[in-house]
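Grab your viewer and work through a few short exercises. Each one sets a task and then walks through a solution.

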Amino acid sequence: MLHADLQAPSVFDLPGFAPELVQALTDAFEQGEGSTFQNSRAGIVEQTRFLLAALRAAAPRRVLETGTHKAHFCYLVRLACPDARIDTFGLDPESQRCVDLLNARLGPPLVTFHPGDSKATLAAFEAREPEETIDFAWVDGGHDLATCSRDLEHCARLRVPHVCVDDVRGEPQVARALQAFLATHREYEQVAFSRDQRGIAHLRRRAAGEGAT
Ligand SMILES: C[S@@+](CC[C@H](N)C(=O)[O-])C[C@H]1O[C@@H](n2cnc3c(N)ncnc32)[C@H](O)[C@@H]1O
């Protein structure tokens, strides 16, 4: 299983990274924790190294996220893939403030926030134009079995070629959802797993004609 290269850049190496913007996003509303930058420094380094490597592999034009929270992941994508469009699905209505802040600071392509339970909002989502497929998904919303399983099912429905799932090590229900998903969806394989306490699994959708082993 591949891990992130220990010499690879983390978010702290990215030109333009603004800690004060992270602070403003974090302070935009009170509740909750567990976002990309609400972690130990070592955790942030490992997770963002891993995510930046996965994003590089995907070279996304469109990104989907479940679990918007404070739009930290959206900020990482805006830094690493400045031309990518992001659709983010989250339960906290206050996340709109963070998305508005990010859009005001960084401009287009604007991040689109879809408020509500992803079990309903993502079910209603289509990538619209056939060529406008989602290239990368970050599954980091509800960590219960039903929500995580549904989020993964929608990634498969949208034929997302690269899917990263957070908290596989930290949340047993997420690990169960992932295991069941990989057993059912043989078109996906796990290609990497991060070392940090949360644990990100990177799944890749096999290309047509590429057999499952
Ligand atoms: C760990 S935080 C997400 C962190 C963020 N993805 C990041 O990388 O910075 C999880 C978020 O998922 C949201 N959430 C929980 N259940 C959800 C659901 N059913 N639909 C959408 N969002 C949900 C929570 O409200 C919380 O804001």
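**Exercise 1. A residue in a strand**

In which strand is F89 found? Once you have placed F89, decide whether F89 is buried or exposed, and list what F89 touches.

Solution. Keep in mind that this is a predicted model.

- Step one, the place: F89 sits in strand β2, which covers residues 85–90.
- Step two, the count: there are 25 other C-beta atoms within 10 Å of F89. The cut-off for buried is 20 or more, so F89 is buried.
- Step three, the contacts: leaving out residues up to four places away in sequence, F89 touches E65, T66, T68, H114, S118, T121, L122 and G141.
- Step four, a distance to try in your viewer: from F89 to L14, C-alpha to C-alpha, you should get 26 Å, for a pair 75 residues apart in sequence.

**Exercise 2. Helix α3 from the inside**

Take helix α3, residues 72–80. How many of its residues are buried, and what do the buried residues pack against? Start with H72.

Solution.

- Step one: H72 belongs to helix α3. With 23 other C-beta atoms within 10 Å, H72 is buried.
- Step two: skipping residues up to four places away in sequence, H72 touches V22, L25, S35, T36 and F37. By contrast, H72 and T133, 61 residues apart along the chain, have C-alpha atoms separated by 23 Å.
- Step three: now do the whole helix. Seven of the nine residues of α3 are buried, so α3 is mostly covered. The buried ones are H72, F73, C74, Y75, L76, V77 and R78.
- Step four: the partners of these buried residues are α1 (19–27), α2, β1, β2, α4 and β4.

**Exercise 3. Two helix pairs**

Describe how α3 packs on α4, then do the same for α6 and α7.

Solution. Two packed helices are described by the angle between their axes and the distance between the axes, so get those two numbers before anything else.

- Step one: α3 and α4 (residues 95–106) pack at about 20°, and their axes are 10 Å apart. Angles under 35 degrees count as roughly parallel, and α3 and α4 are therefore roughly parallel to each other.
- Step two: the crossing of α3 past α4 is right-handed. On the α3 side the contact uses C74, Y75 and R78, which meet V99, L102 and L106 of α4. By class, the residues in this contact are five nonpolar, no polar and one charged.
- Step three: helix α6 (residues 145–157) packs on helix α7 (residues 172–184) at about 40°, with the axes 8 Å apart. Here too the crossing is right-handed.
- Step four: L145, C148, S149 and L152 of α6 meet Q173, V174, R176, A177, A180 and F181 of α7. That contact splits into seven nonpolar, two polar and one charged.

**Exercise 4. Helix α2 and what follows**

Check the length of helix α2 against its residue count. Then look at its buried residues and at the residue that follows the helix.

Solution.

- Step one: α2 (residues 41–58) has 18 residues, and at 1.5 Å a residue the helix should span 26 Å. The C-alpha atoms at its ends are 25 Å apart, which agrees.
- Step two: the buried residues of α2 are I44, V45, E46, Q47, T48, R49, F50, L51, L52, A54, L55 and A58. Their cover includes α3, β4 (136–139), β5 (162–165) and β7 (201–205).
- Step three: A59 comes after α2, and its phi is positive, near 40°. A59 lies in the loop between α2 and β1 (62–66). A59 has 11 C-beta neighbours inside 10 Å, so A59 counts as exposed.

**Exercise 5. Backbone oddities in loops**

What is the phi of R159, and which residues does a cis peptide bond join?

Solution.

- Step one: R159 has a phi near 55°, positive in a residue other than glycine. R159 is in the loop between α6 and β5, and because R159 has 11 C-beta neighbours inside 10 Å, R159 counts as exposed.
- Step two: the cis peptide bond joins P108 and P109, with omega about -5°. P109 is placed in the loop between α4 and β3 (112–115).

Terms used:
Residues numbered from 1 in each chain as written. Predicted model: local features only at pLDDT ≥ 70, side-chain atom pairs only at ≥ 80, totals over all residues. Axes fitted to C-alpha atoms, helices over the stretch in contact; angles between N-to-C directions. Helix = DSSP H or I, 4+ residues; strand = E, 2+ residues; numbered from the N terminus. Parallel < 35°, antiparallel > 145°, perpendicular 65-115°, else oblique. Left-handed = near helix turned anticlockwise from the far one by under 90°. Contact = placed C-beta atoms within 7 Å. Nonpolar A, V, L, I, M, F, W, Y, C, P; charged D, E, K, R; others polar. Expected span 1.5 Å × (residues − 1). Buried ≥ 20, exposed ≤ 12 C-beta atoms within 10 Å, placed from the backbone.
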